[in-house]
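Please open the structure in your viewer and keep the selection tool at hand. The tour below goes from one selection to the next and says what is found at each stop.

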Amino acid sequence: MNFTFNEFSQFINKTTSITNRKVKSVFNKQNVNYSKKIDGTLITETDLYVEHFIRQQIENCFPKHSYVGEEFPDIKKPSPYCWVIDPIDGTFNFANQVPFFGTLVGLMKDNLPIYGSLSLPMVDDALLIGEDKQTFLNGRSIRSTKFKNWSNSLILTTDYRRLEKTKYISSWNILLDKGATCRTWGDCYGYYLLCIGIADVMVDIDMKSHDIVPLIPILKGAGIELIELSRNDNLISVIAFKSEITEEIKKLFR
C-alpha cells in the first residue's frame, strides 16, 4: 500500500510540534552546550534528543520503514520506504543563538525523495511540507515568486570558504557582476528564503544526504529548479534557483 502525502503531513505536523517545543526551550535559555564531532561540526544534546524522538515515532507508527539520520546508525529494513532525518540543520547557528536553523525530515521510496519537510521553530514556527508538485507553508499552498532581474536579486550560499575553493567561484562572481547581492544565510534557512521568493539562487557545496534529500520535494513543489553539481550525482553539491533563469544558470554552472 502506498504511503500518502496526507499521511506524511499529519505525521510531520504532530511530531515537529513536540520537537519544536524542546528546541525553543533550550534556545531561549541562551546557553546551549555543544561539543565538536570528529569532522569538526558541532553537536548538542538537543540534536540527539530530536533525532531520537523522531526515530522513535517512526518506529511506533511505521515499524516496517527504514530510517537514517545524522547522529545515529542507519536502520535498514526490507521496505521501499526510508526516512531521512537532520534533527538540527544549522547546529552552529543554534548553538550560537542565531535563529536560522531547522529540522529536516524527508521520505524516500526506492531511493528517490518523494516527500519532505522543513520546520523552522524560531522563524514564526514556519513549516514547509512538500512533494514534487506542491508545497505548503503552514498549510497554505505556496509557489516561489518569479525572477525579476539581477540587480534586485539575492544569491545565497552556506559557506563561502567552501565555494571559493571550487571551480564554481568564477560562476558565482559572474552573477555578482550582474548586480546580485550575496549573503551567507545558508543551511535550510536559505532554501526557505528561496521557496518563499526572497532569494533567487542558492549554492551549497560539500553537503551530506540528510542536508538536502528532505528539501528536494519542497523545492520542486515550490517551482524551484535544482541542478546536481558533483560528478557522481550524489547530491553533495547543488545549485537551486528560480525557473526563469534556468538556461542562464545551466550555461554558467555546467
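Begin by selecting helix 5, residues 169-177, together with helix 9, residues 246-253, in this predicted model. Their axes lie 9 Å apart and the two helices pack at an angle of about 140°, and they therefore count as oblique to each other, since an angle has to be over 145 degrees to count as roughly antiparallel. To see where they touch, show the side chains of Ser171, Trp172, Ile174 and Leu175 on helix 5, and then those of Ile249, Leu252 and Phe253 on helix 9, which together make the contact. If you colour the residues of this contact by class, you will find 6 nonpolar residues and 1 polar residue, with no charged residues.

Keep Phe253 on display and add Leu229, because Phe253 is one of the residues in contact with Leu229 once neighbours within four places in sequence are left aside. The others in that list are Tyr168, Ile205, Ser237, Val238 and Ile239. Leu229 itself lies in the loop between strand 13, residues 224-228, and strand 14, residues 238-242. Is Leu229 buried or exposed? Its relative accessibility is 8%, and because buried means under 20%, Leu229 counts as buried. You can also draw a distance from Leu229 to Lys251, which are 22 residues apart in sequence, and read 13 Å from C-alpha to C-alpha.

Next, select Ser153, which has its place in the loop between strand 9, residues 140-142, and strand 10, residues 154-157. Ser153 is buried too, with a relative accessible area of 3%. When its neighbours within four places in sequence are left aside, the residues in contact with Ser153 are Phe147, Ala180, Thr181 and Asp200.

Two aspartates in loops make the next pair of stops. Asp125 is found between strand 6, residues 112-120, and strand 7, residues 126-131, and its phi is near 55°, a positive value in a residue other than glycine. With a relative accessibility of 36%, Asp125 counts as partly exposed. Move on to Asp206, in the loop between strand 12, residues 201-204, and helix 7, residues 209-212. Here phi is also positive, near 60°, again in a residue other than glycine, and Asp206 is partly exposed, with a relative accessible area of 47%.

Finally, go to helix 1, residues 5-27, and look along its length. How far apart should the ends of its 23 residues be? At 1.5 Å a residue the helix should span 33 Å, and its end C-alpha atoms are 31 Å apart, which agrees. Among the buried residues of helix 1 are Phe5, Phe8, Phe11, Ile12, Thr15, Thr19, Val23 and Phe27.

Now add helix 2, residues 45-61, whose axis comes within 10 Å of that of helix 1 and crosses that axis at roughly 160°. The two helices are therefore roughly antiparallel to each other, and their crossing is right-handed. At this contact, Phe11, Thr15, Ile18, Thr19, Lys22, Val23 and Val26 of helix 1 meet Thr46, Tyr49, Val50, Phe53, Ile54, Gln57, Ile58 and Cys61 of helix 2. Coloured by class, the residues of this contact divide into 10 nonpolar, 4 polar and 1 charged.

Note on methods:
Residues numbered from 1 in each chain as written. Predicted model: local features only at pLDDT ≥ 70, side-chain atom pairs only at ≥ 80, totals over all residues. Heavy atoms only, no water. Helix = DSSP H or I, 4+ residues; strand = E, 2+ residues; numbered from the N terminus. Expected span 1.5 Å × (residues − 1). Buried < 20%, exposed > 50% of the residue type's maximum accessible area, 1.4 Å probe, protein only. Axes fitted to C-alpha atoms, helices over the stretch in contact; angles between N-to-C directions. Parallel < 35°, antiparallel > 145°, perpendicular 65-115°, else oblique. Left-handed = near helix turned anticlockwise from the far one by under 90°. Contact = heavy atoms within 4.5 Å. Nonpolar A, V, L, I, M, F, W, Y, C, P; charged D, E, K, R; others polar.
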